[in-house]
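Ready for some practice in reading a structure? Keep the model open beside you and try each exercise before you look at the solution.

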Amino acid sequence: MKVLIHKRLFSVSRLRKNLSVLVSEEIKSALQNGSKPVVSLESTIITHGLPYPENLQMAQKVETVVRDNGAIPATCAFVDGKPYVGLTNDQLVRLAETAASGKVNKVSRRDIGYTMANRLNGGTTIASTMILSKLAGIKVFATGGLGGVHKDGQNTFDVSADLTELGRTPVSVVCSGPKSILDIGLTLEYLETQGVFVGTYNDDGRTKVQVPGFYCRESGHVSPYSFSSFEEAASIIHNQNNIMSLSSGNLLCIPPPKESALSSSFINEIIDRANEEALQQGIKGKELTPFLLSKIAKDTNGKSVECNVKFVLNNAKAASEIATALLHLEN
Ligand code: PSU
Ligand code: MN
């Protein structure tokens with residue numbers, strides 16, 4: 001692939017002055033001198049996405065995977081109301097251990113001010129992790145599953161703030177696509193309206209690449225774009241955000257590895273049942289996604305949790321490589 005590089009047409013803003021977020025020294029110095037790529041990580045998956053102790057094991061492992069692939073991990077979260085970019089191991093342990101108490105807030109864009117004013121602990125969603133990443137100067141972010149338009153969203157208006165954030169914040173999210181707990185077709189339409197680039201990693205030379213359905217490699221929905229290398233993904237980000245200064249984010253989907261993907265007939269039946277139960281119990285708003293995830297975990301005897309962890313690690317590896325390639329284009 002030919003990559004367009006206009007070296008002098010852009011300036012890289014690596015670190016904002018007067019930071020409103022607390023950035024660890026290691027991350028700060030990597031960003032300041034552009035010496036090492038940084039990959040941010042969310043924490044709602046720790047506080048509301050996975051059960052204990054799998055949440056803690058995942059949180060620690062994913063940081064190791066980022067380091068093993070040459071980048072610096074920046075897990076984002078609110079601790080005592082303060083926005084942190086890069087947590088200590090003690091903070092990570094505390095967040096993971098107290099998640100089940102129900103006292104840790106799920107923090108998306110609208111929840112930030114309240115969480116800070118009340119000095120709460122909070123797990124950051126994709127939306128708020130993008131916000132914290134942007135404030136710190138981090139451009140690449142790895143996670144598991146994206147929030148989206150829920151099933152029947154055209155009536156309930158349940159559209160995750162992750163999608164609008166992607167429309168307004170220039171951070172690239174590397175994930176396994178929207179889970180099929182969502183309406184993937186409507187989610188893609190919404191992202192198109194928001195001007196968000198959606199590309200799927202074509203890891204096996206397919207001619208028509210579908211957006212992955214998180215647990216499954218294919219969702220039945222053709223991906224608007226695909227990319228065949230992490231260098232190409234980095235070049236897309238570079239052109240979109242550095243050269244053209246577009247203020248929107250990018251969604252980079254990594255299909256789950258063949259050996260750990262689940263069959264869609266198996267998982268979709270369980271997902272349908274979970275959605276049915278949520279409807280009967282009147283679960284909505286920010287509680288819906290955590291409810292569905294924990295019901296699916298129960299009904300798959302933990303298989304969904306196992307997959308979730310594997311996929312996050314796989315995405316973290318891809319994100320580290322993308323961040324490395326992006327840094328090369330910027331230097
Ligand atoms: N989807 C998953 N796992 C998760 C989440 C979504 O498969 O852990 C979390 C992410 O933090 C995401 C958030 O940003 O839920 C979306 O929640 P909501 O749909 O309420 O916006
Ligand atoms: Mn929602």
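**Exercise 1.** Find the residue that follows helix α6 and give the sign of its phi. Then decide how far α6 is enclosed by the rest of the structure.

*Solution.* Step 1: go to the end of α6, where Gly137 comes next with a positive phi, near 100 degrees. This is a predicted model, so the angle comes from predicted atoms.
Step 2: look along the helix, which covers residues 126-136. Its buried residues are Ile126, Ala127, Ser128, Thr129, Met130, Ile131, Leu132, Ser133, Lys134 and Ala136.
Step 3: that is 10 of the 11 residues, so α6 is largely enclosed by the rest of the structure.

**Exercise 2.** Work out whether Cys253 is buried or exposed, and find what it touches.

*Solution.* Step 1: locate Cys253 in strand β11, residues 250-253.
Step 2: count its neighbours. There are 28 other C-beta atoms within 10 Å, and a residue is buried if the count is 20 or more. Cys253 is therefore buried.
Step 3: leave out residues up to four places away in sequence, and Cys253 touches Cys175, Ser176, Gly177, Thr200, Tyr201, Val211, Pro212 and Ser223.
Step 4: try a pair of residues from separate parts of the chain. Cys253 and Gly144 lie 109 residues apart along the chain, while their C-alpha atoms are separated by 9.8 Å.

**Exercise 3.** Describe how helices α11 and α12 pack.

*Solution.* Step 1: two packed helices are described by the angle between their axes and the distance between the axes.
Step 2: for α11 (residues 264-281) and α12 (residues 288-299), the angle is about 135 degrees and the axes are 9 Å apart.
Step 3: name the arrangement. The two helices are therefore oblique to each other, and α11 passes α12 in a right-handed crossing.
Step 4: list who meets whom. From α11 come Ile270, Ile271, Arg273, Ala274, Asn275, Glu277 and Ala278, and they meet Leu288, Phe291, Leu292, Lys295, Ile296 and Asp299 of α12.
Step 5: sort this contact by class, which gives 8 nonpolar, 1 polar and 4 charged residues.

**Exercise 4.** Which elements give two or more residues to the shell around ligand 1?

*Solution.* Step 1: begin with the 17 residues that surround ligand 1, the closest being Thr44, Gly49, Gly145, Gly147 and Ser160.
Step 2: the elements giving two or more are α2 (44-49), α8 (161-168) and α12. With 3 residues, α2 gives the most.
Step 3: by class, the shell has 4 nonpolar, 9 polar and 4 charged residues.

Note on methods
Residues are numbered from 1 along each chain as its sequence is written. Chains are lettered from A and ligands numbered from 1 in the order in which they are written. This is a predicted model: local features need pLDDT of at least 70, side-chain atom pairs count only at pLDDT 80 or more; totals for chains, interfaces and linings use all residues. Axes are lines fitted to C-alpha atoms, for helices over the stretch in contact, and angles run from 0 to 180 degrees between N-to-C directions. Helices (H or I, at least four residues) and strands (E, at least two) are DSSP runs, numbered from the N terminus. Angles under 35 degrees count as roughly parallel, over 145 as roughly antiparallel, 65 to 115 as roughly perpendicular and the rest as oblique. A crossing is left-handed if the near helix is turned anticlockwise from the far one by less than a right angle, and right-handed if clockwise. Two residues are in contact if their C-beta atoms, placed from the backbone, lie within 7 Å. Ala, Val, Leu, Ile, Met, Phe, Trp, Tyr, Cys and Pro count as nonpolar, Asp, Glu, Lys and Arg as charged, and the others, Gly among them, as polar. A residue is near a molecule or strand if its C-beta atom, placed from the backbone, lies within 6 Å of it. A residue is buried if 20 or more other C-beta atoms lie within 10 Å of its own, exposed if 12 or fewer, and partly exposed in between; C-beta atoms are placed from the backbone.
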